[in-house]
Amino acid sequence: MANVLTAFKANRTKIWVGAVTLLLVFYLVVSFQRAVLLMTDPNPVAKAIGVAYLLLPVIGAWALVRELLFGARTERLAKILEAEGGLPEDTLPRTPAGRIVREAADLEFEKYRAETEAAPEDWRSWFRLSCAYDAAGDRKRARAAMRDAVRLYRTGSRQP
């Protein structure tokens with residue numbers, strides 16, 4: 001039982017991603033089925049709604065695949081950096097509620113911004129910059145920087 005609990009704690013995020021993915025796939029299948037039912041109805045308005053409703057599972061499946069690939073690629077880069085000893089350490093001070101102190105994150109951010117400006121073709125610097133954006137609370141730029149890291153890694157900028 002202790003091994004199961006330890007395994008659950010170690011893989012908690014993957015388990016939740018799997019559960020949410022299964023729920024979304026179930027929703028997409030039901031949506032697709034309903035769209036087909038509406039398209040077989042003799043009423044032209046129902047057919048039109050069915051065609052429009054068919055777009056939901058298509059867009060949902062595309063978004064799901066895109067996010068799962070992004071997560072898998074990000075995890076792969078994190079493992080590579082961890083093996084190289086290049087992951088940024090989480091030494092930032094936190095509030096009593098557990099949130100990172102914004103001022104400290106902003107100061108730390110400058111270090112990674114300068115590193116990325118000095119080596120704009122190195123995926124490692126973009127990965128670390130993404131972590132700094134995330135610590136500073138800027139999720140949109142964190143994801144954009146991580147997409148740049150993944151793109152650079154995939155196009156061959158793998159050497160430091």
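Which residues in the largest nonpolar core touch the most other members? In this predicted model, local features require pLDDT of at least 70 and side-chain atom pairs pLDDT 80 or more, whereas totals for chains, interfaces and linings use all residues. Residues are numbered from 1 along each chain as its sequence is written, and side-chain values use heavy atoms, without hydrogens and water.

The largest nonpolar core (buried Ala, Val, Leu, Ile, Met, Phe, Trp, Tyr and Cys residues joined through side-chain atoms within 4.5 Å) has 18 residues, of which Leu77, Trp123, Trp126, Phe127, Leu129, Tyr133 and Ala149 touch the most other members. Two or more residues each come from helix 3 (44–84), helix 4, helix 5 and helix 6, helices being DSSP runs of H or I of at least four residues, numbered from the N terminus. Helix 6 gives the largest share, seven residues. Beyond its neighbours within four places in sequence, Phe127 is in contact (heavy atoms within 4.5 Å) with Thr74, Leu77, Ala78, Leu81, Leu87, Met146 and Ala149.

Two aromatic pairs were found, with ring centres of Phe, Tyr and Trp (its six-membered ring) within 6.5 Å and planes under 30 degrees apart counted as stacked, over 60 as edge-to-face and the rest as tilted. Phe109 and Tyr133 form a tilted pair, 4.8 Å centre to centre with 50° between the planes. Phe109 lies in helix 4 (residues 102–118) and Tyr133 in helix 5 (residues 123–135), 24 residues apart. Both are buried, that is, under 20% relative accessible area with a 1.4 Å probe, protein chains only. The ring centres of Trp123 and Tyr153 are 5.4 Å apart with planes at 85°, so this pair is edge-to-face. Trp123 and Tyr153 are likewise buried.

Conventions. Buried < 20%, exposed > 50% of the residue type's maximum accessible area, 1.4 Å probe, protein only.
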